[in-house]
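Let's take a friendly walk through this structure together. Have a look at the chain and the molecule that goes with it, and then read on.

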Amino acid sequence: MNSILQKSQTNRLPLLAIVGRPNVGKSTLFNRLIGSRRAIVGDEPGITRDRLYGETAWQGRRVRIVDTGGIIPDEKDFIPSEIFRQARLALEEAAAIVMVVDVRTELAAPDMELARLLRRLGKPLFLAVNKVDSPKLEAEAENFRTLGIENLFPISAEHGTGTAELLEAGAIQLQRLLSKRPR
Ligand code: GDP
Ligand code: MG
C-alpha cells in the first residue's frame, strides 16, 4: 500500500478525544489505550505541549485517539472554556469523547461547566473516573454522576483496570455511528 493511501485511510478512522482538567491522568490513559509511551506523563502541569495522536484497535477495528492535554501552555489554571477552546479542533473531529476526572478531587463548578460544554456537542460522551486504584474507591466514583454523563467508567489508567471496558464501550458506539454513515 502506498503511503498516501495509507495516510488517507488513517485520517478516515474514527477519532476518540480525551479531555479533562490538568493532572487527572489523560496522558496516562492515552498511553494505556494505545499501548505505548507516546504521550508524556508527569506531575508537572503542562508538560505535554502538543496534541498527540495514537492508534489502537478493538476487535480488529482501528480507532484513532487524541490526547488533548498539553494544548494549553500553562495548565495550572483550570478554565473550562479555555480547555474547550484549545481542544476545539480535536473535539470537532472527534466521533466520541472521553472526559476524565480524578476520583480523589472534589467536584467543582469548572468540572460541571466542562461537562456541560462537552454534552452540548451532542456526541457520544464517556466519563472516565480515574485513579480508582482500589475497589474501595469504586463507590466514590458514583459521586461523579452529578456531571450528568450517563456512561460512567471507574478506571485506573495506571493499573489498567476498567480501561478495556471503557475502550469497548467507546468502540461499540463508534461502530454504531459508522454503520449508519453513508459510504
Ligand atoms: P494529565 O495532565 O491529565 O495528562 O495527567 P497525567 O497522565 O500526566 O497524570 C498526572 C499524574 O497522575 C501522574 O503523576 C500520573 O502518574 C498520575 N496518575 C495517572 N493515572 C493514575 C491512576 O490511575 N492512579 C494514580 N494513583 N495515579 C495516576
Ligand atoms: Mg497530559
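Start at ligand 1, which has 18 residues around it. Those that come nearest are Gly25, Lys26, Ser27, Thr28 and Glu158. Keep in mind as you look that this is a predicted model. By character, the shell around the ligand divides into nine polar, five charged and four nonpolar residues. Which helix gives the largest share of this shell? That is helix α2, residues 26-34, which supplies three residues.

Since α2 has come up, let's stay with this helix for a moment. Is it buried or exposed? Nine of the nine residues of α2 are buried, so the helix is largely enclosed by the rest of the structure. The buried residues run through Lys26, Ser27, Thr28, Leu29, Phe30, Asn31, Arg32, Leu33 and Ile34. Their cover includes the strands β1, β2, β3, β4 and β5, together with helix α7. Just after α2 comes Gly35, a residue with a positive phi, near 70°.

One residue of α2 is worth a closer look: Arg32. Arg32 counts as buried because it has 22 C-beta neighbours inside 10 Å, and 20 or more are enough for that label. Leaving aside residues up to four places away in sequence, Arg32 touches Ala157, Gly160 and Thr163. Ala157 is 125 residues from Arg32 in sequence, yet their C-alpha atoms are 6.4 Å apart in space.

Now step back to the whole chain. It has seven helices and six strands, and from the N terminus on they run α-β-α-β-β-α-α-β-α-β-α-β-α. Of the chain's 183 residues, 40% count as buried. How much of the contact between residues at least 6 apart in sequence joins residues at least 24 apart? The share is 66%.

Next, find the sheet. Six strands form an open sheet with mixed pairing, and their order is β2-β3-β1-β4-β5-β6. At the edges stand β2 (52-58) and β6 (151-154); each has a single partner strand, so one side of each is left without a neighbour in the sheet. Ignoring direction, neighbouring strands of this sheet are turned by 25° against each other on average.

Follow β4 (residues 96-102) next. On one side, five bridges join β4 to β1 (residues 15-20), and the two strands run parallel. Within that pairing, Val100 of β4 is the bridge partner of Gly20. The strand β4 is also joined to β5, this time by six bridges, and again the two run parallel. Here Met99 has Leu127 of β5 as its bridge partner. Is β4 mostly covered or mostly open? It is mostly covered, with six of its seven residues buried. Helix α5 (residues 109-119) lies across β1, β4 and β5 (125-130), running at about 170° to β4.

These pieces meet again in the largest nonpolar core, which has 45 residues. Those with the most contacts inside this core are Ala17, Ile18, Ile97, Met99, Leu127, Ala128 and Val129. The elements that give two or more residues to the core are β1, α2, β3 (61-67), α4 (88-93), β4, α5, β5 and α7 (163-180). Which of them gives the most? That is β4, with six residues.

Two more residues help to round out the picture. Take Leu127, the bridge partner of Met99. Not counting residues up to four places away in sequence, Leu127 touches Met99, Val101, Phe144, Leu147, Ile149, Asn151, Leu152 and Phe153.

The other residue is Ala141, found in helix α6 (residues 138-141). Why does Ala141 count as buried? The reason is that 21 other C-beta atoms lie within 10 Å, where 20 or more are needed. With residues up to four places away in sequence left out, Ala141 touches Val103, Val129, Val132, Leu152 and Pro154. Finally, look from Ala141 to Ile155: they are 14 residues apart along the chain, and 9.1 Å separates their C-alpha atoms.

Key. Residues numbered from 1 in each chain as written. Chains lettered and ligands numbered in written order. Predicted model: local features only at pLDDT ≥ 70, side-chain atom pairs only at ≥ 80, totals over all residues. Helix = DSSP H or I, 4+ residues; strand = E, 2+ residues; numbered from the N terminus. Buried ≥ 20, exposed ≤ 12 C-beta atoms within 10 Å, placed from the backbone. Contact = placed C-beta atoms within 7 Å. Near = placed C-beta within 6 Å. Nonpolar A, V, L, I, M, F, W, Y, C, P; charged D, E, K, R; others polar. Pairing = 2+ DSSP bridges. Axes fitted to C-alpha atoms, helices over the stretch in contact; angles between N-to-C directions. Core = buried A, V, L, I, M, F, W, Y, C linked by C-beta atoms within 7 Å.
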